[in-house]
Amino acid sequence: MHHFSYQDSILHCEEVSLEEIARQHGTPTYVYSAATMADNYRRLANSLSGLDVQLCFAMKANSNLAVLRHFANLGAAFDLVSSGELKRALAAGGNPQACVFAGVGKTEAEIKFALETGVYGFHVESEPELARINRIAGQLGCKAPIAIRINPDVDAKTHAKITTGKSDNKFGIPLKFAKAAYAAAAKYPHLQIKGVQMHIGSQLTTVAPFVEAVKKVLPFVEQLKRTYGITYFSIGGGIGIVYQDALASGAASWWSPRRKAKKPLTPEVYGAALQPLLAPLGLKILLEPGRNLVGNAGVLLSRVEYLKRGSGKNFLVLDAAMNDLVRPAMYEAYHEVVPVTRQRGRRSLKADIVGPICESGDCFAKDRVLPEAREGETMAFMSAGAYGYAMASRYNTRGMPAEVMVSGRTFELVNARESFETMIAGEKIPSFLKA
Ligand code: LLP
């Protein structure tokens with residue numbers, strides 16, 4: 001369920017025309033629906049009813065301050081992976097003391113900052129990290145709350161670059177070594193063993209791998225509760241969303257035969273499968289959803305620059321590029337691309353949808369069938385709210401895109417398009433290079 005639909009032939013986000021946003025703020029621009037985010041949040045939070053659940057939004061998916069504030073207002077804490085993200089949580093008015101700090105490479109400065117700020121738990125990924133956190137906590141005269149990330153060696157059956165719970169991934173401590181890691185942690189005077197964590201991968205479209213992983217670690221989690229009195233179990237994020245036919249449920253792709261919308265893994269199915277496994281533990285359950293809360297809540301608006309007819313191939317050249325939305329280039333990810341204004345009776349066109357960047361990888365879709373698009377026309381990339389802006393770059397000296405948030409009939413710019421001056425603000429020509 002999302003709040004993007006055609007109203008009088010124009011794609012709207014809630015009650016706002018996306019043509020209007022493109023007119024006011026230009027393109028490429030990300031647009032987020034506050035209502036979709038709130039719905040996603042509530043559905044997931046309610047899916048494990050009866051349990052003491054805390055959602056920690058994985059802000060790596062979308063760390064815009066407005067998005068963070070919105071989730072903080074809904075009751076979310078955050079899953080952080082850098083001191084930059086912790087600073088964002090603070091800037092957005094989030095409560096750092098409910099946040100968890102993950103990542104395989106926490107630096108000394110980051111650990112110190114997180115201890116000074118106070119976080120709910122460090123999600124520790126290795127034994128050397130335990131030693132480092134203990135030492136820094138000792139220097140500060142405090143005890144660091146920790147949970148060890150267990151790698152359950154379960155195949156999440158997702159893209160290789162976003163699977164994390166297999167033994168050949170860099171993440172976590174294998175289940176068979178986890179007992180020793182906890183025993184080591186217990187000996188450190190400046191660590192407080194508080195919980196246990198796992199995360200098996202991202203964009204999971206079935207519940208089976210989650211169930212398998214939870215079942216696999218349950219006996220160990222029970223043992224940790226008995227031995228160390230742990231109070232929480234974080235089961236990570238990873239719930240996937242629908243990318244293909246992302247609009248089909250709200251408004252069928254009118255230019256192609258009506259296809260049945262792909263069935264998403266719903267929070268309700270996820271919750272119903274996990275609730276009976278987790279309830280007997282009597283622990284606080286943390287979830288770290290990223291994509292599931294924001295993925296379908298955002299689109300990327302772009303304009304058509306050219307329709308280039310090649311030999312045996314058409315290219316729809318947009319003003320958005322792989323620097324704005326890298327997922328197709330990086331993971332061969334599929335994003336639905338739709339015209340913001342629909343006109344019936346248009347011829348259909350088969351084309352590669354590409355950006356202006358000077359490499360062949362700057363391609364959003366190959367041989368995609370669309371209604372024939374015209375120069376200047378606004379297009380929308382669906383399901384771009386997660387890992388969209390957050391992974392954008394300035395490649396080819398293209399400034400970071402703008403971001404807009406919609407709520408009902410109102411919308412506001414929540415991040416201005418980056419100017420050339422801001423882009424080069426930190427650069428300097430050294431004194432030894434003469435003009
Ligand atoms: N918790 C941990 C420890 C994680 O590493 C991640 C994601 C999450 C939670 C949130 O996962 P989610 O609920 O969003 O699936 N850039 C890739 C996705 C990378 C995910 C990295 N870790 C993409 O665009 O598909």
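Start by selecting the ligand: domain 1 (34-291) and domain 2 (297-423) both give residues to the shell around it, so the ligand lies between the two domains. Keep in mind as you click around that this is a predicted model.

Next, colour the two halves of the picture. The protein is divided into domain 1, residues 34-291, and domain 2, residues 297-423. Where they touch, 26 residues from domain 1 meet 30 residues from domain 2. If you mark the centre of each domain using C-alpha atoms, the two marks sit 30 Å apart.

Now go back to the ligand and show the residues within 4 Å of it. You should see 19 residues around the ligand, and the closest are Ser202, Glu288, Arg327, Tyr331 and Tyr387. Try colouring this shell by character: 6 of its residues are nonpolar, 7 are polar and 6 are charged.

Time to zoom in on single side chains. Pick Glu288 first: an N or O atom in its side chain is 2.7 Å from a nitrogen atom of the ligand. Then hop to Arg327, where a side-chain N or O atom lies 2.6 Å from an oxygen atom of the ligand. Asp79 is worth a click too, with a polar side-chain atom 3.3 Å from a ligand nitrogen.

How much of the ligand does the protein bury? Taken alone, the ligand exposes 590 Å², and the protein buries 92% of that.

For a last stop, hide the ligand and switch on a surface for the protein. Which pocket does the ligand take up? The space taken by the ligand is the largest pocket.

Technical notes:
Residues are numbered from 1 along each chain as its sequence is written. This is a predicted model: local features need pLDDT of at least 70, side-chain atom pairs count only at pLDDT 80 or more; totals for chains, interfaces and linings use all residues. Side-chain values use heavy atoms; hydrogens and water are left out. A polar contact is a pair of N or O atoms within 3.5 Å; within protein, one must be able to donate a hydrogen and the other to accept it, and residues adjacent in sequence count only if both atoms are side-chain atoms. Accessible areas come from the Shrake-Rupley method with a 1.4 Å probe; for residues, only the protein chains shown count as cover. On a 1 Å grid over the protein atoms alone, a cavity is a set of points where a 1.4 Å probe fits but cannot get out, and a pocket is an open set with protein on both sides within 12 Å along at least five of seven lines; lining residues have an atom within 4 Å of a point. A molecule sits in a cavity or pocket if more than half of its atoms lie within 2 Å of its grid points. Ala, Val, Leu, Ile, Met, Phe, Trp, Tyr, Cys and Pro count as nonpolar, Asp, Glu, Lys and Arg as charged, and the others, Gly among them, as polar. Domain bounds come from an automatic or database domain assignment. Contact means heavy atoms within 4.5 Å.
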